[in-house]
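Thanks for making the time this morning. I would like to walk you through one structure, starting with the chain as a whole and then turning to its pockets and two of its helices.

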Amino acid sequence: MSHSHFIIHKPYGYLSQFIYELKRKKKLLGELYDFPKGTMAIGRLDEDSEGLLLLTTDGMMSEIIRSKKVDKEYYVQVDGVINQEAIEKLKIGVEIGFNGTKYITKPCDARLITEIPAFGARGKKIRDERHGPTSWASITVNEGKFRQVRKMTAAVGFPTLRLVRVRIGNVHLNDLQAGEVIEVEDFNDNVKNQGNKLYQESESVNQKSKI
């Protein structure tokens, strides 16, 4: 059985799903592209988060990519000028709240970003810079607790203002613009054993964004 696979740049303000049954109107993934029946998001990005999201009709592929064997990298814009001391704390693990209990995050990769990423303006403006400086950091995790990265930066004193996922395994966001969708032949056969990296098929076979 053949399957369809997609790489998208989820914009700010969209849910990582196709159906929303509550009364309040929400923006859904189906507004971005004519996805085939059975397409599912692999993992999720919160409504107020942006960036790389993989979709597939292959449930087994979804399970592989959502596993802890595959790294997910996020660029975060934080309130204040984050320092190396905070970065080191993130690397070791910090205490966050999860399901009403305290949880220590697993060791991760984190680093300062000195140049402002060229993501363009967000759908909703970040707070006015007159309220103080902001800065950027990269955080790479292989676990996915609810709003984990946001809770991590808050735990070291630098609340997240903007969060953009830039990498899943070896699949990168690169220059994909918000709302763009690329259909690919595969995310490659599977997650490789060495480093559990996910390899991206670089040649896209179709691209038809609605926005």
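**From the whole chain to a single lysine**

In the protein chain, among the contacts with a separation of 6 or more, 71% are between residues that are 24 or more positions apart. Please keep in mind that what you have in front of you is a predicted model. The secondary structure of this chain consists of three helices and 12 strands, and 47% of its 211 residues count as buried. On the outside, the accessible surface amounts to about 11700 Å², with carbon and sulfur atoms contributing 48% of that area.

Let me turn to the pockets. Rolling a probe the size of a water molecule over the atoms shows where empty space is left. The largest pocket holds about 550 Å³ of space, and of the 25 residues that line it, Arg44, Tyr74, Gly144, Lys145 and Arg165 are the closest to its centre. Two helices, H1 (59-66) and H3 (148-155), and two strands, E4 (72-79) and E9 (160-168), are the elements that each give two or more residues to this lining. If you sort the lining of the largest pocket by class, you find 10 charged, nine nonpolar and six polar residues.

The second largest pocket contains about 350 Å³ of space. Its lining is made up of 17 residues, and those nearest its centre are Gln77, Ile126, Glu129, Trp136 and Arg162. Here the classes come to seven nonpolar, seven charged and three polar residues.

Now back to helix H1, which we met in the lining of the largest pocket. Which residues of H1 are buried? They are Met61, Ser62 and Ile65, and because they cover an arc of only 100° around the axis, they sit on the same side of H1. Among the elements that cover these buried residues are strand E2 (40-41), strand E3 (50-56), E4 and E9.

Finally, I would like to look at one residue in another helix, namely Lys91, which lies in helix H2, residues 84-92. Is Lys91 buried or partly exposed? Its relative accessibility is 30%, and therefore Lys91 counts as partly exposed. Leaving aside residues up to four places away in sequence, Lys91 touches Gln84, Pro107, Cys108 and Ala110. As for Val141, which is 50 residues from Lys91 along the chain, the C-alpha atoms of the two are separated by 9.7 Å.

That is where I will stop, and I am glad to go back to any of these places on the screen.

Terms used. Residues numbered from 1 in each chain as written. Predicted model: local features only at pLDDT ≥ 70, side-chain atom pairs only at ≥ 80, totals over all residues. Heavy atoms only, no water. Helix = DSSP H or I, 4+ residues; strand = E, 2+ residues; numbered from the N terminus. Buried < 20%, exposed > 50% of the residue type's maximum accessible area, 1.4 Å probe, protein only. Contact = heavy atoms within 4.5 Å. Areas by Shrake-Rupley, 256 points an atom, 1.4 Å probe, with all protein chains shown as cover. 1 Å grid on protein atoms, 1.4 Å probe; cavity = no way out; pocket = protein on both sides within 12 Å on 5 of 7 lines; lining within 4 Å. Points joined across faces, edges and corners; volume = space filled by probe spheres on them. Nonpolar A, V, L, I, M, F, W, Y, C, P; charged D, E, K, R; others polar. Arc of directions from axis to C-beta.
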